[in-house]
Amino acid sequence: MEYRRITNIADPLFAKMHRLMQEIFPPEEVLEFDLWKEPLEDPGIRVFVAVHEGNVVGATEYRYYEDFNVAMTDFTIIGKPGLGIGRFLYLNRHHDLLELAKANGKELFGMFAEIYDPYRTKDHEFGGVKPMDPYVRREVLSHLGYKRLDFTYVHPSWNNDGVAVEGLDLCFMPTDDNVSELPAELIVKFLRRYYSVLSNKPAAWIQMVEQLEAKSTVALLPI
């Protein structure tokens, strides 16, 4: 299996990845094909695919913020069971992030991720691929060390239509497992940076951020 980076929408692997995304994710979570041009060309956004026998069988997108010394996992797709795709993507991504932090003269503080809560939202089939089942994914990410940030989370729809998407938790995996809380300021700065590309923020998201600004820390809880 190969770990291949995509930096251009003209790459044939990108068309295969985008089709896989459409099969797996709900429509509001998938950016239109042509709108991927700038993100792919952004050196700070890292999009990699797992290629097996010429086919894209998995993908992951993530980014590293040098000034925050944290990463964000945008998504991980496992297209088929029984190939070890999840472990393959995790190890390659983890090694890449450690190298990026090292080049920044630091040890990676940790990584954010939005994680579906299947106990609240039960209507996501994720293409019928069992490794993508929200119950399975949530437990796997818990085993990896992700913890839930203690506030009610919504995020702006990637359709940029002002809709607040619910049913997810904002989680964080600290490199040091003894970390039990995050500075609220870090969370606010991260969210503002991460969603700066969307001009149409829902009122619920704006209110959420304002409430975070009134806090000093936010606890990390088990998921």
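**Exercise 1. Determine whether His 18 is buried or exposed in this predicted model, and state which residues surround His 18.**

Solution. Start with the relative accessible area of His 18, which is 6%. The cut-off for a buried residue is under 20%, so His 18 is classed as buried. Next, place the residue: His 18 belongs to helix H1, which spans residues 12-24. Finally, list the contacts, leaving aside residues up to four places away in sequence: His 18 touches Val 30, Leu 31, Glu 32, Phe 33 and Trp 36.

**Exercise 2. Describe the surroundings of Met 21, and give the C-alpha separation of Met 21 and Gly 58.**

Solution. Met 21 is located in helix H1. Its relative accessibility is 1%, so Met 21 counts as buried. Beyond residues up to four places away in sequence, Met 21 is in contact with Val 30, Trp 36, Phe 75 and Ile 77. Val 30 and Trp 36 also appear among the residues touched by His 18. For the second part, Met 21 and Gly 58 are 37 residues apart along the chain, and their C-alpha atoms are separated by 9.4 Å.

**Exercise 3. Classify Lys 147 by accessibility, and identify which backbone oxygen lies 3.1 Å from a polar atom of its side chain.**

Solution. Lys 147 lies in strand E6, residues 147-149. With a relative accessible area of 17%, Lys 147 falls under the 20% cut-off and is therefore buried. The backbone oxygen in question is that of Asp 177. Asp 177 is also one of the residues that Lys 147 touches, residues up to four places away in sequence not being counted. The others in that list are Leu 170, Cys 171, Phe 172, Val 179, Leu 220, Leu 221 and Ile 223.

**Exercise 4. Characterise the packing of helices H5 and H6 by angle, axis distance, handedness and residue classes.**

Solution. Two packed helices are described by the angle between their axes and the distance between the axes. For H5 (residues 184-194) and H6 (residues 203-213), the angle is about 155° and the axes are 9 Å apart. Because angles over 145 degrees count as roughly antiparallel, H5 is roughly antiparallel to H6. The crossing of the two helices, H5 and H6, is left-handed. On the H5 side, the contact is formed by Ala 184, Ile 187, Val 188, Leu 191 and Arg 192; on the H6 side, by Trp 205, Met 208, Val 209, Leu 212 and Glu 213. By class, the residues of this contact comprise 8 nonpolar, no polar and 2 charged.

**Exercise 5. Locate Ser 196, and decide whether Ser 196 is buried or exposed.**

Solution. Ser 196 sits in the loop between H5 and H6. Its relative accessibility of 53% lies over the 50% cut-off, so Ser 196 counts as exposed. A polar atom of the Ser 196 side chain lies 2.8 Å from the backbone oxygen of Arg 193.

**Exercise 6. State what the phi values of Asn 69 and Asn 160 are near, and set out the location and accessibility of each residue.**

Solution. Most residues other than glycine have a negative phi. Asn 69, however, has a positive phi near 55°, and the phi of Asn 160 is likewise positive and near 55°. Asn 69 is in the loop between strand E3 (55-65) and strand E4 (70-78), and at 9% relative accessibility it counts as buried. Asn 160 is in the loop between strand E7 (155-156) and strand E8 (164-165), and at 29% relative accessibility it counts as partly exposed.

Conventions:
Residues are numbered from 1 along each chain as its sequence is written. This is a predicted model: local features need pLDDT of at least 70, side-chain atom pairs count only at pLDDT 80 or more; totals for chains, interfaces and linings use all residues. Side-chain values use heavy atoms; hydrogens and water are left out. Axes are lines fitted to C-alpha atoms, for helices over the stretch in contact, and angles run from 0 to 180 degrees between N-to-C directions. Helices (H or I, at least four residues) and strands (E, at least two) are DSSP runs, numbered from the N terminus. Angles under 35 degrees count as roughly parallel, over 145 as roughly antiparallel, 65 to 115 as roughly perpendicular and the rest as oblique. A crossing is left-handed if the near helix is turned anticlockwise from the far one by less than a right angle, and right-handed if clockwise. Contact means heavy atoms within 4.5 Å. Ala, Val, Leu, Ile, Met, Phe, Trp, Tyr, Cys and Pro count as nonpolar, Asp, Glu, Lys and Arg as charged, and the others, Gly among them, as polar. Buried means under 20% relative accessible area, exposed over 50%, partly exposed in between (1.4 Å probe, protein chains only). A polar contact is a pair of N or O atoms within 3.5 Å; within protein, one must be able to donate a hydrogen and the other to accept it, and residues adjacent in sequence count only if both atoms are side-chain atoms.
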